[in-house]
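Q: Please take a close look at how the two protein copies are arranged and where they meet. Then follow that through to the nucleic acid beside them.

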There are 2 protein chains.
Amino acid sequence: MELVQIYECLCDRTRLRLLHLLTQGPLCVCHFQSVLREPQVKISKHLAYLRTRGLVTVTRRGNWMVYSLPEKPSRELAANLACLQDCAAEEPAFRQDLARLKKLAPAVEECGCAPK
Amino acid sequence: MELVQIYECLCDRTRLRLLHLLTQGPLCVCHFQSVLREPQVKISKHLAYLRTRGLVTVTRRGNWMVYSLPEKPSRELAANLACLQDCAAEEPAFRQDLARLKKLAPAVEECGCAPK
DNA sequence: AGACTATATTCCGCAAGAGGTATTTAGTTT
DNA sequence: AAACTAAATACCTCTTGCGGAATATAGTCT
């Protein structure tokens, strides 16, 4: 994958938030919805964008689609995700997302999307 | 500056090349032209894009406009430039740019744009 | 002042992407 | 099978950005 394609994926706020959350572990669309508080279609489309470019992977679990970062990300992707995680720690919006994700943790476990 | 705005600047191949070269030190437009081998208008417009967003600074030296990275880049910018430099080392196109820049080094010194 | 040089800007057409509404798909439950 | 659910896709409109041709600007040199 070319470096510029990674940056194309990172240059939208919603996608940044999605990827940032994924650094914490796999998540399904419904959880992105609760954390980002954005409409389903918006989230789905950005996940599709990331998926077609190989930045995330999906597996279906019943009705739920569980998104993850690739098992073996390229060096470039890994470096940039680390950088994102580092920088996000300083921007309130990202920290808020993380906080919401933590509060959601129990629900994530119960959800049909969670591996048993 | 918001993180996403940095990525907006990084999501174009020409701008990536420009910024990558600037990590080596200040340069004027004519040098970008010789290294990138792209038309002047294209380079100027991308530099303007970066300038208006604060990723580069300019000073005029006679007829030449000398571009640099900011003296005190934000933490986010610094981190991403470091990451870019690291990743670029693996992509041939960027390495070629660096090679061309080195061959150009004498010309850079002689050029009217160089500080005396 | 006039010619020249390096660079910036304007204007154009075009393509990509973002967001929304409506609809579809795929799986589950009863 | 019918109803239901989570998520994806299609279609639309609007905006942004890219690239190129032509032109403008600002400084230098004679």
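A: Start with the symmetry of this predicted model. Chain A superposes on chain B by a rotation of 180 degrees, with 0.0 Å of shift along the axis and an RMSD of 0.0 Å. That is the relation of a two-fold axis. Look along the axis from chain A: Tyr7(A) is the residue of that chain that comes closest, with its C-alpha at 3.0 Å.

Now the contact between the copies. Chain A brings 23 residues to it, and chain B brings 23 residues. Every interface residue of chain A, 100%, is also an interface residue in chain B, so the copies meet through the same surface. Interface size is often given as the accessible area lost when the parts come together. Here the area buried between chain A and chain B is about 2100 Å². Carbon and sulfur atoms give 58% of that area. Three residues stand out on the chain A side: Leu3(A), Tyr7(A) and Arg75(A). Together they supply 27% of the area that chain A buries against chain B, more than any other three residues. Tyr7(A) thus appears twice, in this trio and as the residue of chain A closest to the rotation axis.

Turn next to DNA strand D. It is surrounded by 25 residues. The closest come from both chains: Ser44(A) and Tyr67(A), with Arg15(B), Lys45(B) and His46(B). By class, the residues of this surface are 10 nonpolar, seven polar and eight charged. On the DNA side, 63% of the strand D atoms within 4 Å of the protein belong to sugar or phosphate, and the rest belong to bases.

Some phosphate contacts can be named. Ser44(A) places a polar side-chain atom 2.3 Å from a phosphate oxygen of strand D. Cys30(A) uses its backbone instead: a polar atom there is 3.0 Å from a phosphate oxygen. From chain B, a side-chain N or O atom of Lys42(B) is 3.2 Å from a phosphate oxygen. The elements giving two or more residues to the surface near strand D are α3 (29-36), α4 (40-52) and β3 (64-68) of chain A, together with α4 (40-52) of chain B.

Finally, the sheet of chain B. Three strands form an open antiparallel sheet in the order β1-β3-β2. β1 (27-28) and β2 (57-61) stand at its edges with a single partner strand each, so one side of each has no neighbour in the sheet. Two bridges join β1(B) to β3(B), residues 64-68. Leu27(B) has Tyr67(B) as its bridge partner in β3(B).

How values were computed
Residues are numbered from 1 along each chain as its sequence is written. Chains are lettered from A and ligands numbered from 1 in the order in which they are written. This is a predicted model: local features need pLDDT of at least 70, side-chain atom pairs count only at pLDDT 80 or more; totals for chains, interfaces and linings use all residues. Side-chain values use heavy atoms; hydrogens and water are left out. Two strands pair if DSSP finds at least two bridges between them. Helices (H or I, at least four residues) and strands (E, at least two) are DSSP runs, numbered from the N terminus. Copies are superposed by least squares on the C-alpha atoms of residues with pLDDT of at least 70 in both. Contact means heavy atoms within 4.5 Å. A residue is near a molecule or strand if one of its heavy atoms lies within 4 Å of it. A polar contact is a pair of N or O atoms within 3.5 Å; within protein, one must be able to donate a hydrogen and the other to accept it, and residues adjacent in sequence count only if both atoms are side-chain atoms. Ala, Val, Leu, Ile, Met, Phe, Trp, Tyr, Cys and Pro count as nonpolar, Asp, Glu, Lys and Arg as charged, and the others, Gly among them, as polar. Buried area is the accessible area (1.4 Å probe) that two parts lose on being put together, summed over both.
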